Amino acid sequence: VQLQASGGGLVQAGGSLRLSCAASGSIFSINHMGWYRQAPGKERELVARIFSSSVTNYLDSVKGRFTISRDNAKNQIYLQMNSLKPEDTAVYYCNAQVATTGWSPTNNYWGQGTLVTVSS
């Protein structure tokens, strides 16, 4: 299973970016997909996650500014980030919990990080 993330970049405070992540490979089902981020000197934290049921979780500091969405047919997720702040600067990682067969447990997969830099 591979996760391909894209969409990071440099933006001014108050601006917007959209991250995308596509899952490919031997996929039977995806329980949930999401985005984590890690800023320099800090631990990785969950930013947003969406379940196959469309239930979503958000980090408190991004609620109302970020929106996660999912295209189940394409095994893709998107993170629309609005009103970006300098403290949102981090490497963002795509994550997915995937079952590769109908009888196997799910495993956790990570994509390569994509850097988001918000200038003040």
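Me: Which residue in β8 does L17 stand opposite?
Reply: This is a predicted model, where local features need pLDDT of at least 70, side-chain atom pairs count only at pLDDT 80 or more, and totals for chains, interfaces and linings use all residues. Residues are numbered from 1 along each chain as its sequence is written, and side-chain values use heavy atoms, leaving out hydrogens and water. β3 and β8 (strands are DSSP runs of E, at least two residues, numbered from the N terminus) pair in the antiparallel sense over six bridges, where pairing takes at least two DSSP bridges. In β8, L17 stands opposite M81.

Me: And Q4, what's its bridge partner in β3?
Reply: β1 and β3 run antiparallel and are joined by five bridges. Follow Q4 across into β3 and you land on A22.

Me: How far apart in space are S20 and Q4, C-alpha to C-alpha?
Reply: S20 belongs to strand β3 and is buried at 19% relative accessible area (buried is under 20%, exposed over 50%, partly exposed in between, with a 1.4 Å probe and protein chains only). Beyond its neighbours within four places, S20 is in contact (heavy atoms within 4.5 Å) with Q4, A5, S6, W35, I77 and Y78. S20 and Q4 are 16 residues apart in sequence, and their C-alpha to C-alpha distance is 8.1 Å.

Me: Which element gives the most to the largest nonpolar core?
Reply: That core (buried Ala, Val, Leu, Ile, Met, Phe, Trp, Tyr and Cys joined through side-chain atoms within 4.5 Å) holds 29 residues, and M33, W35, L79, M81 and Y92 touch the most other members. Elements giving two or more residues include β1 (2-6), β4 (29-38) and β9 (90-99). With five residues, the top contributor is β9.

Me: Why does the Y36 and W110 pair count as edge-to-face, and at what angle are the planes?
Reply: The whole structure has one aromatic pair, under a rule that wants ring centres within 6.5 Å and calls planes under 30 degrees apart stacked, over 60 edge-to-face and the rest tilted. Y36 is buried at 18%, whereas W110 is partly exposed at 37%. Y36 sits in β4 and W110 in β10 (residues 107-110), so the pair ties together parts 74 residues apart in sequence. The centres are 4.9 Å apart, and the pair is edge-to-face because the planes lie at 65°.

Me: How far is the charged end of R44 from the ring centre of Y93?
Reply: A charge sits over a ring when NZ of Lys or CZ of Arg is within 6 Å of the ring centre and within 35 degrees of the ring normal. R44 does this over W110, at 4.7 Å from the centre. R44 also sits over the Y93 ring, and there the distance is 3.7 Å.

Me: D88 is in a loop; which residue's backbone nitrogen does its side chain reach?
Reply: D88 lies between β8 and β9 and is buried, with 1% relative accessibility. Away from its sequence neighbours, D88 touches R37, V62, R65, F66, S83, V116 and V118. At 2.8 Å, its side chain reaches the backbone nitrogen of K85.

Me: Which residue's backbone oxygen lies 2.9 Å from a polar atom of the Q112 side chain?
Reply: Q112 is in the loop between β10 and β11 and is partly exposed at 35%. Leaving out residues up to four places away, Q112 touches L3, Q4, A5, Y92 and Y93. The backbone oxygen in question belongs to A5.

Conventions
Helix = DSSP H or I, 4+ residues; strand = E, 2+ residues; numbered from the N terminus. Phe/Tyr/Trp six-rings, centres within 6.5 Å; stacked < 30°, edge-to-face > 60°. Polar contact = N/O pair within 3.5 Å; in protein donor to acceptor, adjacent residues only side chain to side chain.
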